[in-house]
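User: Could you walk me through how the inside of this protein is put together? I'd like to start with its cavities.

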Amino acid sequence: MIKKEVAELLVKQINLELHSGYLYLDFANFYEEKNLPGFAHWYVKQAGEEYEHAMKIRHFLLECNEKVSLSAIADPTTKLADLKAPLLEGLKHEQFITASINKILEKAIEVKDHLTVNFLQWFVKEQGEEEMNAQLNIDKFEMVGGSGSAIYLLDKELGGR
Ligand code: OFO
């Protein structure tokens with residue numbers, strides 16, 4: 001059995017994961033409009049991963065006999081000023097999600113919910129990777145600068161994800 005207060009936080013985390021996917025789909029739509037299908041593809045893939053994260057938590061809660069109730073997903077639309085904006089927003093968002101996972105982990109440790117502590121290890125590692133990937137996208141974008149032909153090549157690379 002897991003602790004009630006931890007289960008409540010995990011239910012909220014399902015919503016945040018689905019919102020992450022929604023946000024990344026919005027980024028993908030933005031890049032589609034800019035005729036950058038590779039950038040768009042990268043974020044569609046990321047949106048799919050976020051859905052998987054939500055399902056992973058849902059499955060864990062159900063296995064633990066906890067009720068999973070879904071709530072409205074927040075509007076993902078943000079003002080994206082230029083081609084770099086989604087990359088920066090993406091990193092900021094992953095840092096926010098990492099903080100949220102850490103908060104649940106800290107609560108689980110505090111109430112001695114070892115099952116959840118163990119379950120969350122996968123998410124701790126995953127968040128580390130996602131922050132690293134988000135930063136890598138920013139670094140690559142900065143490396144190519146505003147050059148059209150380099151952005152075209154970067155788009156090809158991201159499309160291979
Ligand atoms: Fe679910 O890892 Fe990104 O947000």
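User: Which helices each supply at least two residues of the lining of the largest cavity?

Analyst: Happy to help! This is a predicted model, where local features need pLDDT of at least 70 and side-chain atom pairs pLDDT 80 or more, while totals for chains, interfaces and linings use all residues. Residues are numbered from 1 along each chain as its sequence is written, and side-chain values use heavy atoms, leaving out hydrogens and water. Among the lining residues of the largest cavity (points on a 1 Å grid where a 1.4 Å probe fits but cannot get out; lining means an atom within 4 Å of a point) are Tyr24, Trp42, Leu91 and Glu130, and the helices (DSSP H or I runs of at least four residues) with at least two lining residues each are helix 2, helix 3 (85–110) and helix 4.

User: How many charged residues does that lining have by class?

Analyst: Glu94 and Glu130 are both in the lining of the largest cavity, and Asp, Glu, Lys and Arg count as charged. Besides six nonpolar and four polar residues, the charged residues of this lining number two.

User: What volume does the second largest cavity have?

Analyst: Cavities of 30 Å³ or more number two here, and the largest has a volume of about 100 Å³. Val11, Ile14, Asn15, Leu18, Ser69, Leu70 and Ser71 line the second largest one, a lining with four nonpolar, three polar and no charged residues. Its volume, taken as the space filled by probe spheres set on the points, is about 40 Å³.

User: Which helix gives the largest share of the largest nonpolar core?

Analyst: This core (buried nonpolar residues joined through side-chain atoms within 4.5 Å) has 23 residues, and Ile2, Leu10, Ile57, Leu61, Phe119 and Leu120 touch the most other members. Helix 1 (4–33), helix 2, helix 3 and helix 4 each supply at least two residues. The largest share is seven residues, and it comes from helix 1.

User: How many residues are in the second, separate core?

Analyst: Leu23, Phe30, Ala40 and Leu154 are among the members of this second core. Its residues number 22.

User: What do the buried residues of helix 5 pack against?

Analyst: In helix 5 (residues 148–158), Ala150, Ile151, Leu154, Asp155 and Leu158 are buried (under 20% relative accessible area with a 1.4 Å probe). Seen down the axis, these buried residues fall within an arc of 145°, so they line one face of the helix. The face turned away from them carries Ser149, Leu153 and Lys156, which are exposed (over 50%). By contact (heavy atoms within 4.5 Å), the buried residues pack against helix 2 (37–63) and helix 4 (114–144).

Terms used:
Arc of directions from axis to C-beta. 1 Å grid on protein atoms, 1.4 Å probe; cavity = no way out; pocket = protein on both sides within 12 Å on 5 of 7 lines; lining within 4 Å.
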